[in-house]
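Please read the following briefing alongside the sequence and the model. It goes from the whole chain to its cores, its cysteines and one charged residue.

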Amino acid sequence: MNCNIKCKMNMKAYIPYMAIIFNQFAFAGSNILMKIALERGLNQLVFVVYRHVIAMLLLGPFAYVLERKQRPKPSFAVMAKIFVLALLGATIHINVYYIGMDYVSPTVATALGNVVPSFTFLLAFLLGMEKVKITSGRGRAKVLGTIICVGGSLLFTLWRSGYLFKSVVEKPLINIYNNNADHLRHHGKENWIKGSALILTSHIALSSWLILQAKVFKEYPAPLSMNTLICFFASLQTSFLALFFGRNPTIWKLDWNVQFLTVMYCGVLNSALVYYLQTWCISVKGPVFTAMFIPVQLVIVALFSIIAFAERLHLSSLIGAFFIVAGLYCVLWGKRKDSLAADDEHKDGNMKTTADDKILEISTSTK
């Protein structure tokens, strides 16, 4: 009997690890599928509209039932802030991100995603929401980690030279380009810089969204309902953009191919199931635990791209990626120490949990 109880307890302890690894595989899969779909002609505006409509239809019933009692009646000011959230976190972030992905590989796009926690910390500090004691070890770790992470992202973007590793396969298992000239046109050095700059710009919008979301959540503490409204506004905003940049009605047609699969995958899996698992993991193990697994997504995408797409990486890219991940863990270490210190003081009755922890709590989500 005791053995069975211990086995059940051990299995229960591993569930958060399995859930967060599953999330990273899901995020990695969306980046890979989206790259293939973009090269096969999927319009990113159409994708964003369809994805958020699907997510809204899936999350809406759960939000209505589960948050009926806790959902406050939204004021005009709160609705306006949620509208801005949709503009930053979906309309600007996702559209600009996928425009940038058209110029770079999934590995590059995924590697640059590791800068989000550092960007969030930097913006929070500039807005006075993050207090840094440079005399403390954790304060120095956050500042140093941010500098390393941002520097690594610039190195990754601007320095594309040095030794080029050989491909592990003779030819791609999945050929997403029509010919070699098409590949060079999309992924030459100039387009590499353009694509990386666009992706970094999208992450600045995402970091701004994360900070604003922490503020709005205090006024509207119903995450499912708020996410449903964000999906609703994002679909409206992107539909409006499509009136100007996607006037061809044929782009809205989805056949039973990789484009349809990508829309359904991201709408159902990423925006519904993964959202729930991410929130649950944060509530059980904390935000730092969740953020620590972000680089796993990079490893998954890189291995798949090397084998399936015959991707070749420059030594300079690996060096830049190393600094990005190293900077990420420096920031996370400092945040973890902040959290432990806040918990100790809270136990003594000296202070409450800081708003900074709430920012980190929601800054671990990605596409």
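**The chain as a whole**

Buried residues account for 49% of the 367 residues in the protein chain. The model is a predicted one. Its secondary structure consists of 14 helices and zero strands.

- Along the sequence, the pattern of the protein chain reads α-α-α-α-α-α-α-α-α-α-α-α-α-α.
- Among contacts between residues at least 6 apart in sequence, 90% join residues at least 24 apart.

**Nonpolar cores**

- The largest nonpolar core has 47 residues, and Phe47, Ile82, Tyr98 and Phe156 are the ones that touch the most other members.
- Helix H3 supplies the largest share of this core, with ten residues.
- Another core, of nine residues, lies apart from the largest one, and its members include Ile32, Val258, Ile300 and Val301.
- Leaving out residues up to four places away in sequence, Phe47 touches Met34, Leu42, Ile94, Tyr98, Thr262, Val263 and Cys266.

**Cysteines**

- A disulfide is a covalent bond between the sulfur atoms of two cysteines.
- How many disulfides does the count come to? With a cut-off of 2.5 Å between cysteine sulfur atoms, the count is zero.
- Why does Cys149 form no such bond? The closest cysteine sulfur, in Cys330, is 9.4 Å from the sulfur of Cys149, which is too far for a bond.
- Cys149 is buried, and its relative accessible area is 1%.
- Cys266, one of the residues that Phe47 touches, is also buried, with a relative accessible area of 0%.

**Glu67, a buried charged residue**

- Where is Glu67 placed? Glu67 sits in the loop between helix H2 (44-66) and helix H3 (76-101).
- Glu67 is buried but has no salt bridge.
- Arg71 has the nearest side chain of opposite charge, and it is 4.8 Å away from Glu67. A salt bridge requires a distance within 4 Å, so the pair at 4.8 Å does not count as one.
- A polar atom of the Glu67 side chain lies 2.9 Å from the backbone nitrogen of Leu224.
- Which residues does Glu67 touch, not counting residues up to four places away in sequence? They are Phe62, Ala222, Pro223, Leu224 and Ser225.
- Leu224 therefore appears twice around Glu67: its backbone nitrogen lies 2.9 Å from a polar side-chain atom of Glu67, and 2.9 Å is within the 4.5 Å that defines a contact.

Technical notes
Residues are numbered from 1 along each chain as its sequence is written. This is a predicted model: local features need pLDDT of at least 70, side-chain atom pairs count only at pLDDT 80 or more; totals for chains, interfaces and linings use all residues. Side-chain values use heavy atoms; hydrogens and water are left out. Helices (H or I, at least four residues) and strands (E, at least two) are DSSP runs, numbered from the N terminus. Buried means under 20% relative accessible area, exposed over 50%, partly exposed in between (1.4 Å probe, protein chains only). Lys and Arg count as positive and Asp and Glu as negative; His and the chain ends are not counted. A polar contact is a pair of N or O atoms within 3.5 Å; within protein, one must be able to donate a hydrogen and the other to accept it, and residues adjacent in sequence count only if both atoms are side-chain atoms. A nonpolar core is a set of buried Ala, Val, Leu, Ile, Met, Phe, Trp, Tyr and Cys residues joined through side-chain atoms within 4.5 Å.
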